[in-house]
Amino acid sequence: PAEALVCYNRAVEVSPNDVTCYDSRAAFFADSKRFEETIQDYNKVISRKGNTKDRTKSNAAVRCILCK
């Protein structure tokens, strides 16, 4: 798991505007029960997505995390 986080962090560093990097890292954080970091990354996904449908999906993911 530590190696995976290093890779996700590197991906975000190299491609800070790619929402997929944040989305993948957020999923890793969620699986690791690191919910504050999960929410931070999903909020970055939401703020970077222009498509309303994509934003709705990301908002739903954040709500699911908050309910755990």
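I take buried to mean under 20% relative accessible area, exposed over 50%, and partly exposed in between, with a 1.4 Å probe and protein chains only. By that cut-off Val 12 counts as buried, at 10% relative accessibility.

**Ground rules.** I am working on a predicted model, where local features need pLDDT of at least 70, side-chain atom pairs count only at pLDDT 80 or more, and totals for chains, interfaces and linings use all residues. Residues are numbered from 1 along each chain as its sequence is written, and side-chain values use heavy atoms, with hydrogens and water left out.

**Overall fold.** I looked up the secondary structure and found four helices and zero strands (DSSP runs numbered from the N terminus: helices are H or I, at least four residues; strands are E, at least two). The pattern along the sequence is α-α-α-α. The protein has 68 residues, and 29% of them are buried. I then turned to contacts (heavy atoms within 4.5 Å). Among those between residues at least 6 apart in sequence, 29% join residues at least 24 apart.

**Helix 2.** This helix covers residues 19-31, 13 residues in total. I get a reach of 18 Å from its first C-alpha to its last, close to the 18 Å expected (1.5 Å times one less than the number of residues). Its buried residues are Val 19, Cys 21, Tyr 22, Arg 25, Ala 26, Phe 28, Phe 29 and Ala 30. I checked both ends. At the start, a side-chain oxygen of Asp 18 comes to within 2.9 Å of the backbone nitrogen of Thr 20. After the helix comes Lys 33, with a positive phi near 60 degrees.

**Helix 1 against helix 2.** Two packed helices are described by the angle between their axes and the distance between the axes. Axes here are lines fitted to C-alpha atoms, for helices over the stretch in contact, and angles run from 0 to 180 degrees between N-to-C directions. Helix 1 (residues 2-14) packs on helix 2 at about 155 degrees, with the axes 9 Å apart. The two are therefore roughly antiparallel, the label for angles over 145 degrees (under 35 is roughly parallel, 65 to 115 roughly perpendicular, the rest oblique). I note the crossing as left-handed: the near helix is turned anticlockwise from the far one by less than a right angle, clockwise being right-handed. Helix 1 contributes Ala 4, Leu 5, Tyr 8, Asn 9, Ala 11 and Val 12 to the contact, and helix 2 contributes Cys 21, Tyr 22, Ser 24, Arg 25, Phe 28 and Phe 29.

**Two residues of helix 1.** Leu 5 lies in helix 1 and is buried at 14%. Beyond four places in sequence, Leu 5 touches Arg 25, Phe 28, Phe 29 and Arg 34. Leu 5 and Arg 25 are 20 residues apart in sequence, yet 7.3 Å apart C-alpha to C-alpha. Val 12 is also in helix 1. With neighbours within four places set aside, Val 12 contacts Cys 21, Tyr 22 and Arg 25. From Val 12 to Asp 23 I read a C-alpha separation of 10.0 Å.

**Two residues of helix 3.** Asp 41 sits in helix 3 and is buried at 2% relative accessibility. Its side chain makes a polar contact with that of Arg 25, at 2.6 Å. I count N or O pairs within 3.5 Å, where within protein one atom must be able to donate a hydrogen and the other to accept it, and residues adjacent in sequence count only if both atoms are side-chain atoms. Outside four places in sequence, Asp 41 is in contact with Tyr 22, Arg 25, Ala 26 and Phe 29. Thr 38 is in helix 3 (residues 35-48) and is buried at 0%. The Thr 38 side chain reaches the backbone nitrogen of Ala 30 at 3.0 Å.
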